[in-house]
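Subject: Structure handover and notes

Dear colleague,

Here is the structure you are taking over, and below it I have set out what was found. Please read the notes with the structure open beside them.

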Amino acid sequence: MEGEPIDNGAVAIVGNQISAVSSFDEVRASHGGEVLDLGEQILLPGLINAHCHLDYTCLRGTIAPQASFTGWIRAINSIKAGLTEEDYLSSIAAGFAEAEKFGTTTLVNLEAFPQLLMRMKRPSLRTWWCAEMIDIRTPISARELWHQLHLWFETHPEWLGGFGLAPHALYTASAQLFSDAAQLSQKNSTLLTTHLAESREEARMFRGAAGPLFDFLQRIGRPMEDCGNETPLSFLLRNQAVGKDWIIAHLNELAESDFALLSNAARFQIVHCPRSHSFFNHAPFAFQKLRGLGFNVCLGTDSLASNSSLSLFSEMRELRRKEPSIAARDLVAMVTSGAADAISQSHSLGKIRAGFQADLIAFPYGGSLANAFDSIVAFDQEIRWMMVNGEVLTNSLSR
């Protein structure tokens, strides 16, 4: 993703970093050490999943598409009521194993139970753990949570990645919680992400103070005085200092008035989850309009409560199915260099470049360089070779 594909290319790795990238002969002439010949493979940066919920890997196939988004919320809440911490730990471990199988080396995981980190072994994949915060019924201190996570990662430097804050959504997190999280994020350069304008029912709740989501939240005690006047996007932009460091997932349901607001807004980061979008039958995602306004759109898998796998290759194909004019190279950028930009890691991830982290994947390929990007998007098998932080995690190549 740094330049054009290199035929018979080679990458020199020193420790956990890339030190050189060029043709094999040029790299070999200037670098000693062990040579690992992968054979006829495409070598590319490890993929970056910018929005997932590993907690719910165990829910694959348990919830059928519902007549309403609120029905899905009720269904997942009902199942979650019977899950234990052990269930979630197993689910997260299974999620990591599946992400690795599909070539993902970095994840932004929205973690509903941050206390589980203290019971885990160090994950082998690079992960930003964004504490998901909901304060409808129970007050929560973003500051205390930030300090707890900061202490954990400060005392566990071997963990790859870091942490962030994730006020869940406008309908589940108070304006004060959003503000507190945003201030902490800006002051400490901490990742900040949220869900916004995900469903028709969310849009109806904020614009018309009506609908299944409005009724459901009113019954469980959420104050509803903020509903009835504007779109979710308008509400967020009016009440929060949204900037380029915000990662906003979904934006599925936008009104025409929202695009006028976006044309003058700071260019925050957007994560689209194509297969989850299809599962819920949301309105068509405004990909071309958002890209035309200069927004960086990258991809995520969302959770397996609304998806069938954690494959970013499948997400690329689903987006191309709906937007056939997207170039394959642009799709690959959405899960590599563009995703690295979204998580403020453009200096170290998402490209095969000297000085970047040695996060690489490979799969068999015998075609021409001209078709390389199309072949990446079309790849639908398991990754046979993976390196993360200079360490080979997967190697099932038969030579």
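A residue is called buried when its relative accessible area is under 20%, exposed when that area is over 50%, and partly exposed in between. By that definition S124 is partly exposed, because its relative accessible area is 29%. Please keep in mind throughout that this is a predicted model.

S124 makes a convenient starting point: this residue sits in the loop between strand 5 and strand 6. Leaving aside its neighbours within four places in sequence, S124 is in contact with E100, L160, V388 and L393. S257, by contrast, is 133 residues away along the chain, and the C-alpha atoms of S124 and S257 are separated by 44 Å.

The parallel sheet

The two strands on either side of that loop belong to an open sheet of 8 strands, which has the order 4-5-6-7-8-9-10-11 and parallel pairing. Its edges are formed by strand 4 (47-52) and strand 11 (296-299), each of which pairs on one side only. On average, and with direction ignored, neighbouring strands of this sheet are turned by 25° against each other.

Two of the pairings can be followed residue by residue. Strand 4 and strand 5 (residues 104-111) pair in the parallel sense over 4 bridges, and within this pairing I48 has T106 in strand 5 as its bridge partner. Strand 6 and strand 7 are likewise paired in the parallel sense, over 7 bridges, and here C130 stands opposite G164 in strand 7. Strand 7 is mostly covered, with 6 of its 7 residues buried, and helix 4 lies across strand 6 and strand 7, running at about 170° to strand 7.

The helices

Helix 5 (residues 175-188) is 14 residues long and reaches 20 Å from its first C-alpha to its last, which is close to the 20 Å expected at 1.5 Å a residue. Its buried residues are L177, F178, A181, A182, L184 and S185. Seen down the axis of helix 5, these buried residues fall within an arc of 165°, and they therefore line one face of the helix. On the other side of helix 5, Q176, Q186 and K187 are exposed. The cover over the buried residues of helix 5 includes strand 6 (126-133), helix 4 (142-154), strand 7 (161-167), strand 8 (191-196), helix 8 (232-239) and strand 9 (246-250). Just after helix 5, S189 takes a positive phi of about 55°.

In helix 9 (residues 256-263), the buried residues are D258, F259 and L262. Viewed down the axis of helix 9, they fall within an arc of 100°, so they line one face of that helix. These buried residues of helix 9 pack against helix 8 and helix 11 (287-292).

How do helix 2 and helix 7 pack, and at what angle? Helix 2 (residues 69-80) and helix 7 (residues 212-219) pack at an angle of about 40°, with their axes 9 Å apart, and the two helices are therefore oblique to each other. The contact is made by T70, I73, R74 and N77 of helix 2, together with P212, L213, F216 and R219 of helix 7.

The antiparallel sheet

There is also an open sheet of 4 strands, with antiparallel pairing, in the order 3-12-13-14. Strand 3 (41-45) and strand 14 (391-395) are its edge strands, each pairing on one side only, and the twist averages 15° from one strand to the next. Strand 3 and strand 12 (residues 360-364) pair in the antiparallel sense over 5 bridges, with Q41 standing opposite P364 in strand 12.

Ahead of strand 3, in the loop that lies between helix 1 (24-30) and strand 3, is G33. Is G33 buried or exposed? G33 counts as exposed, because its relative accessibility is 55%. The C-alpha atoms of G33 and I13 are 9.6 Å apart in space, while the two residues are 20 residues apart in sequence.

With best regards

How values were computed. Residues are numbered from 1 along each chain as its sequence is written. This is a predicted model: local features need pLDDT of at least 70, side-chain atom pairs count only at pLDDT 80 or more; totals for chains, interfaces and linings use all residues. Side-chain values use heavy atoms; hydrogens and water are left out. Two strands pair if DSSP finds at least two bridges between them. Axes are lines fitted to C-alpha atoms, for helices over the stretch in contact, and angles run from 0 to 180 degrees between N-to-C directions. Buried means under 20% relative accessible area, exposed over 50%, partly exposed in between (1.4 Å probe, protein chains only). The expected span of a helix is 1.5 Å times one less than its number of residues. The arc is that of the directions from the helix axis to the C-beta atoms. Contact means heavy atoms within 4.5 Å. Angles under 35 degrees count as roughly parallel, over 145 as roughly antiparallel, 65 to 115 as roughly perpendicular and the rest as oblique.
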